[in-house]
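Hi,

Here is the structure I promised to pass on. Have a look at it first, and my notes follow right below.

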Amino acid sequence: MIVPEGIHQDGADYIISGLVMEREGIVGGESTVYGPDRSTPYLRTVLQPGQGLFQADAGSPLWHGVSPIRVDPDSDQPEGHRSIFGFDIHVGN
């Protein structure tokens, strides 16, 4: 498992964070968008396949993070996974 970076901005104008392609046999992976104080949650959600978050990033008051994932104890699978894409979008002048 890759450990999330904590609450952060990516440094791009806009981002699509955590576009989920697959999610099987896991719990966790809650995506959170925070306000300027980096502690007030504006949105919390567990993204499912086909879902992602689009938001302003660098220079905006928004921050984001994701909680760790772990194998679902109620699953009969010994392993689980979450496959995602992240996009950093830079707008040229």
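Let me start with M21, which sits in strand β1 (strands are DSSP E runs of at least two residues and helices are H or I runs of at least four, numbered from the N terminus). M21 counts as partly exposed because its relative accessible area is 43%; the scale here is buried under 20%, exposed over 50% and partly exposed in between, with a 1.4 Å probe and protein chains only. In sequence M21 and R82 are 61 residues apart, yet their C-alpha atoms are 7.6 Å apart in space. Setting aside neighbours within four places in sequence, M21 is in contact with P49, S83, I84 and F85, where contact means heavy atoms within 4.5 Å.

Before I go on, some housekeeping. This is a predicted model, so local features need pLDDT of at least 70 and side-chain atom pairs count only at pLDDT 80 or more, while totals for chains, interfaces and linings use all residues. Residues are numbered from 1 along each chain as its sequence is written, and side-chain values use heavy atoms, with hydrogens and water left out.

On confidence: the average pLDDT of the protein is 92, and 95% of the residues score at least 70 (pLDDT is the predictor's confidence in each residue, from 0 to 100). Among the elements, strand β4 (residues 41-46) has the highest mean pLDDT, 98, and strand β7 (residues 69-71) the lowest, 93.

The overall picture

There are 0 helices and 8 strands, and along the sequence the pattern reads β-β-β-β-β-β-β-β. Along the principal axes, the C-alpha atoms fill a box of roughly 50 × 25 × 20 Å. Of the 93 residues, 27% are buried. If you take contacts between residues at least 6 apart in sequence, 78% of them join residues at least 24 apart. The accessible surface is about 5900 Å², and carbon and sulfur atoms account for 53% of that; areas come from the Shrake-Rupley method with a 1.4 Å probe, and for residues only the protein chains shown count as cover.

More on strand β1

S17 is also in strand β1, which covers residues 14-24. Is S17 buried or exposed? S17 counts as buried, because its relative accessibility is 14%. Not counting residues up to four places away in sequence, S17 touches L47, G52, L53, H64 and F85.

Y14 lies in strand β1 too, and its relative accessible area of 34% is why Y14 counts as partly exposed.

The aromatic pair and the patch

A search of the whole structure turns up 2 aromatic pairs. In one of them, Y14 and F54 are stacked, at 5.7 Å centre to centre with 10° between the planes. That pair links distant parts of the chain, with Y14 in strand β1 and F54 in strand β5 (residues 53-56), 40 residues apart. For the cut-offs: rings of Phe, Tyr and Trp (its six-membered ring) pair if their centres lie within 6.5 Å, and planes under 30 degrees apart count as stacked, over 60 as edge-to-face and the rest as tilted. F54 is exposed, because its relative accessible area is 56%.

Y14 and F54 come up again on the surface, where together with V91 they make a nonpolar patch of about 310 Å². Patches are made of residues with over 30% relative accessible area and no salt bridge; like charges are joined within 9 Å, and nonpolar side chains (Val, Leu, Ile, Met, Phe, Trp, Tyr) within 5 Å. A salt bridge here is a side-chain nitrogen of Lys or Arg within 4 Å of a carboxyl oxygen of Asp or Glu.

I89, in strand β8 (residues 81-89), has both Y14 and F54 among its contacts, along with A12, D13 and I16, leaving aside neighbours within four places in sequence. I89 is partly exposed because its relative accessibility is 29%. The C-alpha atoms of I89 and E5 are separated by 19 Å, with their positions 84 residues apart along the chain.

Around strand β4

Y42 is in strand β4 and is exposed, because its relative accessible area is 52%. Leaving out residues up to four places away in sequence, Y42 touches V33, Y34, G35, P36 and L62.

One backbone angle to look at: R38, in the loop between β3 (30-34) and β4, has a phi near 65°, a positive value in a residue other than glycine. R38 counts as partly exposed, because its relative accessibility is 44%.

Cheers
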